[in-house]
Amino acid sequence: MSADEDKYPAESGRRRFVKGVVGGAGLAAVGMTGAVGINSATQSPGSGGGSTTAMAIENTAGPAPRGMPQIPVEIDDEGYLKGVWPEVQEVEQGGRTIEVAQTEMGGQTYSSEWFQYCGVESYQGIVPSYESENYFRSDSGPAYDWQSEAVEGGDRLNVDMFENYESWGNGIGEAGLGKPATGRWRSEDTENTIPIQVIRSPIIEEIANGNTDADQSIVNWLQASTEQGFIAWLNKCTHFCCVPGYKQTQSSASFGGADGVYCACHQSVYDPFSIVETLFVARPRPD
């Protein structure tokens, strides 16, 4: 990695890769009304849910109780990006048989329950057996000029759109950390949109290739859940369920988020290059 020291200097914070478990603070989210109600360990009616371990981009500042869950990425033969959906199976839970979507991946149990918070548990796209082609599609109002010029809302994201990922910048924070896009996932022909963020980054490539001091369990996970430097996550802040952004606002620098994923609502910051194991209570899906 010595050849990359000038590209990712230690003082930039980009070479800080950690693996941690969010404890008590991650067991319940801040209370609120409506569909995004309290993340607590109550026995709510519904399917799935409960204590859940997920792989997430780390929350590094602000009131958010934990990171945002990763979506494993795969690329088809034409270069289009897809989010991996776990295998659907039936399990016994609470004395009844329910459907869950989960699979073993990179030493972790990847589950649809990772996305059961902030009201997303009620979305049709999170139902384990919902049939979707799973492509990442551009949203209709992307946050980046390059994306607005290259695609229209609903277009699938393709590897070719990210060719300059090692040099891309937009005047916010440090250039060359990765090229982002905003979009949606498993949301076609549904009433609700599942917002996602994608970054193609040389940093993610380096970790997945084992060329950093990252914990081996994180390396194994990223080897399984990323491809060609692409990383994606469910873009719902775990605080009050706002939609954060990577390099989308100059004000992020005032809160240490110029090179992170910044939530302008309450100044939570996430590091998309620091992947952690996080414990939380997933909300059950409505029956």
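In the predicted model, C118 and C241 form a disulfide, with their sulfur atoms 2.1 Å apart. A search of the whole structure finds one disulfide. The torsion about the S-S bond of C118 and C241 is about -85 degrees, and the disulfide is therefore left-handed. C118 is placed in the loop between strand 8 (108-111) and strand 9, whereas C241 belongs to the loop between strand 12 (230-234) and strand 13 (245-246), so the pair ties together parts that are 123 residues apart in sequence. Both C118 and C241 are buried. By contrast, C263 is in no disulfide; the nearest cysteine sulfur, that of C237, lies 3.9 Å away, beyond the 2.5 Å within which a pair of cysteine sulfur atoms is counted as a disulfide. C263 is nevertheless buried, at a relative accessible area of 1%. C265 is partly exposed, with a relative accessible area of 45%.

Salt bridges were examined next. A search of the whole structure finds four salt bridges. In one of them, the side chains of E121 and R283 meet at 2.7 Å, N to O. E121 lies in the loop between strand 8 and strand 9, and R283 in the segment after strand 15 (268-282), so this pair ties together parts that are 162 residues apart in sequence. The loop between strand 8 and strand 9 thus contributes C118 to the disulfide and E121 to a salt bridge. E121 is buried, with a relative accessible area of 4%.

Another salt bridge joins the side chains of K247 and D259, at 2.5 Å, N to O. K247 and D259 both lie in the loop between strand 13 and strand 14 (261-263), so the pair ties together parts that are 12 residues apart in sequence. K247 is buried, as is D259. A further salt bridge is formed by the side chains of E188 and R184, at 2.7 Å, N to O. In this pair, R184 is buried, with a relative accessible area of 18%, while E188 is partly exposed, with a relative accessible area of 27%. The value for R184 falls under the 20% that defines a buried residue.

R184 also belongs to strand 10 (residues 179-184), six of whose six residues are buried, so that strand 10 is largely enclosed by the rest of the structure. Both faces of strand 10 are covered. One side carries K179, A181 and G183, and the other carries P180, T182 and R184, all of them buried. In a regular strand the side chains alternate between the two faces of the sheet.

Strand 10 has pairing partners in strand 9 and strand 11. Strand 9 (residues 137-138) pairs with strand 10 in the antiparallel sense over two bridges, and S138 has G183 as its bridge partner in strand 10. Strand 10 and strand 11 (residues 195-200) also run antiparallel and are joined by six bridges. Within this pairing, P180 stands opposite I199 in strand 11, and the bridge partner of K179 in strand 11 is R200.

Strand 11 is likewise mostly covered, with six of its six residues buried. P195, Q197 and I199 point one way from strand 11, whereas I196, V198 and R200 point the other way, and all are buried. Strand 11 pairs in turn with strand 12, in the antiparallel sense and over five bridges. I199 has I231 as its bridge partner in strand 12; I199 also faces P180 of strand 10. Strand 12 is followed by the loop that holds C241 of the disulfide.

Burial in helix 3 was also considered. In helix 3 (residues 216-225), I218, V219, W221, L222 and S225 are buried. These residues cover an arc of only 165 degrees around the axis, which puts them on the same side of helix 3. An α-helix has 3.6 residues a turn, so residues three or four places apart point the same way.

How values were computed:
Residues are numbered from 1 along each chain as its sequence is written. This is a predicted model: local features need pLDDT of at least 70, side-chain atom pairs count only at pLDDT 80 or more; totals for chains, interfaces and linings use all residues. Side-chain values use heavy atoms; hydrogens and water are left out. Buried means under 20% relative accessible area, exposed over 50%, partly exposed in between (1.4 Å probe, protein chains only). Helices (H or I, at least four residues) and strands (E, at least two) are DSSP runs, numbered from the N terminus. Two strands pair if DSSP finds at least two bridges between them. The arc is that of the directions from the helix axis to the C-beta atoms.
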